[in-house]
Amino acid sequence: MSIGAGGALPPNAAHVVAVGETMIMLVPEEGSTLAATRRFDSYIGGAESNVALYLARLGVPVRWASVMRNDPLGRRIATELAGSGVDVSAISWRDVAQTGLYLKDPGAESTAVYYYRQGSAARLIDPALWQDERLRSAAVLHLTGITPALSESANAAVEAAVLGRETGAELVSFDVNYRPGLWPVDVAAPVLRRLADASDLVFVGMDEAHHLWGCATPREVREMLPRARTVVVKDGAVGAYALSSGRETFVPSLAVDVVEPVGAGDAFAAGYLKSLLDGRGEAERLRLGHLLAATALTVHEDAAEPPSSAWLDAQLEVPEAEWASAALAYGKVREQTA
Ligand SMILES: O=C(O)C(=O)C[C@H](O)[C@H](O)CO
């Protein structure tokens with residue numbers, strides 16, 4: 001399979017490697033609902049590839065891989081990712097199973113998500129994936145709590161990478177991403193806690209940590225995951241905290257007119273990772289997280305086109321008192337994106 005081969009990176013050149021399932025996503029045409037629509041817009045969506053898309057669009061060398069069905073929908077996913085600069089050369093193509101689908105019923109407060117992924121090829125992800133040189137020795141390996149919910153073998157692959165450190169990545173980044181549609185909370189909670197605790201960098205929503213582990217504050221989340229180097233706790237419209245050993249940094253969220261929230265967490269993780277790879281400090285990592293999350297919150301796609309790097313860099317320099325002011329409210333971010 002040669003999709004993306006033209007833009008493929010040399011075997012160990014990717015700064016970031018992300019692995020997980022990407023699906024075709026269908027959303028009712030603007031203003032309609034799943035129950036009423038006659039037309040759908042179709043996009044691609046997957047937590048790990050959403051992160052990869054943002055990073056690639058911001059110029060970070062990034063490789064995304066999965067086990068994929070070699071059908072028109074699978075090829076579309078690879079073509080779109082490659083078109084945005086994501087290296088897809090390490091995808092493991094199969095002629096069995098299916099490309100997963102999901103439908104969104106959007107709302108500003110919450111979006112209902114319906115999965116059609118029971119027989120998807122990504123369920124065939126297994127620890128053998130890590131034997132591929134192209135997925136080894138990354139500066140950052142980014143995984144999420146969605147993959148362990150897909151199948152026993154996919155869970156084993158994530159365990160091998162996170163608990164067994166089999167890929168030799170310098171830093172393992174793990175977004176908890178609990179998806180109630182995939183597994184019950186009592187099954188997910190201990191699995192996700194063990195994986196998060198063994199990661200270097202963890203992203204988790206405050207509401208998610210409360211739901212999974214009963215945590216009431218960001219500090220309680222930190223205490224729940226004592227081995228992780230840094231725990232980033234996102235508290236919706238309030239702000240985000242980065243808690244490392246003995247250090248706590250908080251950056252308030254930007255004011256945003258939300259169209260649809262799915263994908264904002266991935267945008268946040270990408271912003272944080274980009275700033276981290278640029279050698280920036282904790283507050284700037286959280287700021288770039290917020291800025292990219294703001295771009296995701298106002299589109300139906302799971303991954304939006306980010307504003308220019310120059311504009312984003314300028315926002316990282318504004319004095320603390322001006323951050324989150326009207327000047328930085330989402331309208332401004334959108335103008336820069338358009
Ligand atoms: O829900 C999933 O499993 C997806 O990967 C689809 C979405 O793109 C993802 O949830 C957004 O974070």
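The following exercises, with worked solutions, treat the ligand site, the largest pocket and the largest cavity of this structure.

The model is predicted, so that local features need pLDDT of at least 70 and side-chain atom pairs count only at pLDDT 80 or more, while totals for chains, interfaces and linings use all residues. Residues are numbered from 1 along each chain as its sequence is written, and side-chain values use heavy atoms, with hydrogens and water left out.

**Exercise 1. Describe the shell around the ligand and its polar contacts.**

Step 1. The shell consists of 14 residues, each having a heavy atom within 4 Å of the ligand. Tyr115, Arg117, Arg179, Asp266 and Asp302 are the closest.

Step 2. By class, the shell holds six nonpolar, four polar and four charged residues. Here Ala, Val, Leu, Ile, Met, Phe, Trp, Tyr, Cys and Pro count as nonpolar, Asp, Glu, Lys and Arg as charged, and the others, Gly among them, as polar.

Step 3. Polar contacts (pairs of N or O atoms within 3.5 Å) are then listed. A side-chain N or O atom of Tyr115 is 2.5 Å from a ligand oxygen. For Asp266, a polar side-chain atom lies 2.7 Å from an oxygen atom of the ligand, and for Tyr102 the corresponding value is 3.3 Å.

Step 4. On its own the ligand has 310 Å² of accessible area, of which the protein covers 96% (Shrake-Rupley method, 1.4 Å probe).

**Exercise 2. Characterise the pocket that the ligand occupies.**

Step 1. The ligand takes up the space of the largest pocket. A pocket is an open set of points on a 1 Å grid over the protein atoms alone, with protein on both sides within 12 Å along at least five of seven lines; lining residues have an atom within 4 Å of a point. A molecule sits in a pocket if more than half of its atoms lie within 2 Å of its grid points.

Step 2. The volume of this pocket is about 1400 Å³. Of its 45 lining residues, Asp207, Pro261, Val262, Ala264 and Gly265 are closest to the centre.

Step 3. Elements giving two or more residues to the lining include α5 (206-213) and α7 (264-277). The lining comprises 20 nonpolar, 14 polar and eleven charged residues.

**Exercise 3. Characterise the largest cavity.**

Step 1. One cavity of 30 Å³ or more is present, a cavity being a set of points where a 1.4 Å probe fits but cannot get out. The largest cavity holds about 70 Å³ of space.

Step 2. Its lining has 14 residues, with Thr22, Val67, Met68, Gln98 and Thr99 nearest the centre. Two or more residues come from each of β5 (67-69) and α2 (72-83).

Step 3. The lining of the largest cavity divides into five nonpolar, seven polar and two charged residues.

Note on methods:
A polar contact is a pair of N or O atoms within 3.5 Å; within protein, one must be able to donate a hydrogen and the other to accept it, and residues adjacent in sequence count only if both atoms are side-chain atoms. Grid points are joined across faces, edges and corners, and a volume is the space filled by probe spheres set on the points. Helices (H or I, at least four residues) and strands (E, at least two) are DSSP runs, numbered from the N terminus.
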